[in-house]
Amino acid sequence: MSGFGVDESYLLSVLQSLISIESINPSLVQGGSGESKIAHQIGDYLDRIGLEVDYQEIDEGRENVIGVLRGGGAGRTLMLNGHTDTVSITGMDIEPLEPVFRDGLVYGRGAFDMKGSLAAMLAAAKELVMSKARLNGDVVFAFVADEEYASVGTEEVIKEYSTDAAIVTEPTGLQLIIAHRGYAWAKVEVRGKAAHGSLFDVGVDAITKAGKVLVALDELEGKFQTQSRHPLLGRPSVHASLIQGGTELSTYPDYCRIELERRTLPDEDYHTIEAELNRLVSDVASSDRQFDASSEVFFYRPGLEISEDIEIVNHLTNACQTVTGTRPELIGARWWTDAALLSRAEIPAVLFGPSGDGAHSPVESVDFESLKTTARVLAEVTSSFCG
Ligand SMILES: [Zn+2]
């Protein structure tokens, strides 16, 4: 084991300062402070390390901060990408904004998802500068807003920065994630005919008609359970999320809306999901003359699938080997990340980060030892990929 070291007390103090800044995503939780304050704190750290610092304002109180470490030549360029926003802090069983370091774990909202990783990115940047690592290509340290809601932060970064590869430093338990599922949000609007509750020969009940859509969704989910599986990601899935309809007890409802989420495999695009839902609705309509409905896919995020053979995977695997003595596993994740947006923008992206527990949960903590490893691996992979 060798390679880059890490300044442990710097890593811990940066992490504690980032946890103590509330950066709840205001699109997710009303009254959340957003990412400007934490972005400026990170910008100060980047400036002190000696990186070029750039801010991208997305909205009021919503900012990205980007630190660029310039390489000396025309070598490969790399982006390290982490999100600065967190979910809500209400109902937590720990002090969310007062970090505690106990038994090797750092507790606080965002410690695991993912301020620990942000601190590791800063510690890696500092190590690269202090050790005067010889880099040819530029390194872009992107600290982005809004990953927990609509990923506006990474969308903004992509407009101005392009690199030969990216590592999203979401927590992965020191394994290497090369694939994850995508998702689509859709709605089905069912129209009935309003009438007094006594007028069975006039009214058409939009809610019971919508029930046929729910049954069809359940059958679709059942079909997914038996279909062949993706080696890293398993199967796709679908579930109804929201339902709305009806006006009062004695009236036939003229409208019912179902909103649903479809989790996708990387080879299922927007059109796959649109066609699937259209077919589902028209199948119901073909067996019921009174059924009248339309569907729409209103939000879509692609999945991620990176070849095991690309250079960043090799470099990251070797960097782990150098730092820890073991090779990481190449795995898939069920959840979605910004890596899919980077890959779609022709920046092949993989995920690597620390261990911990409790993302979006009442008790959240990151394993400090794994954070030290993350920082060292990030410095190592950067110096080999961009060197
Ligand atoms: Zn996250």
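Tutor: Let's start with how elements are named: helices (H or I, at least four residues) and strands (E, at least two) are runs assigned by DSSP and numbered from the N terminus. What you're looking at is a predicted model, where local features need pLDDT of at least 70 and side-chain atom pairs count only at pLDDT 80 or more, while totals for chains, interfaces and linings use all residues. Residues are numbered from 1 along each chain as its sequence is written, and side-chain values use heavy atoms, with hydrogens and water left out.

Student: OK, sheets to begin with. In what order do the four strands of the open sheet come?

Tutor: Strands of a sheet pair through backbone hydrogen bonds, either parallel or antiparallel. Here, two strands count as paired if DSSP finds at least two bridges between them. In this model the order is 4-5-19-18, with antiparallel pairing. Strand 4 (100-102) and strand 18 (356-357) are the edges, each pairing on one side only. Strand 18 is joined to strand 19 (residues 365-367) by two bridges, and D357 sits opposite S365 of strand 19.

Student: Which helices lie on that sheet, and at what angles to strand 19?

Tutor: Contact means heavy atoms within 4.5 Å. Axes are lines fitted to C-alpha atoms, for helices over the stretch in contact, and angles between N-to-C directions run from 0 to 180 degrees. Helix 3 (residues 111-130) lies across strand 5 (105-107), strand 18 and strand 19, at about 50° to strand 19. Helix 9 (residues 368-386) packs on the sheet too, touching strand 4, strand 5 and strand 19, and makes about 60° with the direction of strand 19.

Student: How do helix 3 and helix 9 cross?

Tutor: Two packed helices are described by the angle between their axes and the distance between the axes. The axes of helix 3 and helix 9 come within 8 Å and cross at roughly 50°. That makes helix 3 oblique to helix 9; angles under 35 degrees count as roughly parallel, over 145 as roughly antiparallel, 65 to 115 as roughly perpendicular and the rest as oblique.

Student: And which residues of the two helices meet?

Tutor: On the helix 3 side, they include G116, A120 and L128; on the helix 9 side, L371, A375 and L378 are among them. By class, this contact has nine nonpolar, five polar and no charged residues. Ala, Val, Leu, Ile, Met, Phe, Trp, Tyr, Cys and Pro count as nonpolar, Asp, Glu, Lys and Arg as charged, and the others, Gly among them, as polar.

Student: What about helix 1 and helix 2: how do their axes cross?

Tutor: Helix 1 (residues 8-19) and helix 2 (residues 36-49) have axes that come within 10 Å and cross at roughly 155°. They are therefore roughly antiparallel to each other. Y10, S13, V14, S17 and L18 of helix 1 meet I38, Q41, I42, Y45 and I49 of helix 2. The residues of that contact divide into seven nonpolar, three polar and no charged.

Student: Now the backbone. Which peptide bond is cis?

Tutor: The bond from D113 to M114 is cis, with omega near -5°, and M114 belongs to helix 3. Check K132 as well: although not a glycine, K132 has a positive phi of about 50°. You'll find K132 in the loop between helix 3 and strand 6 (139-144).
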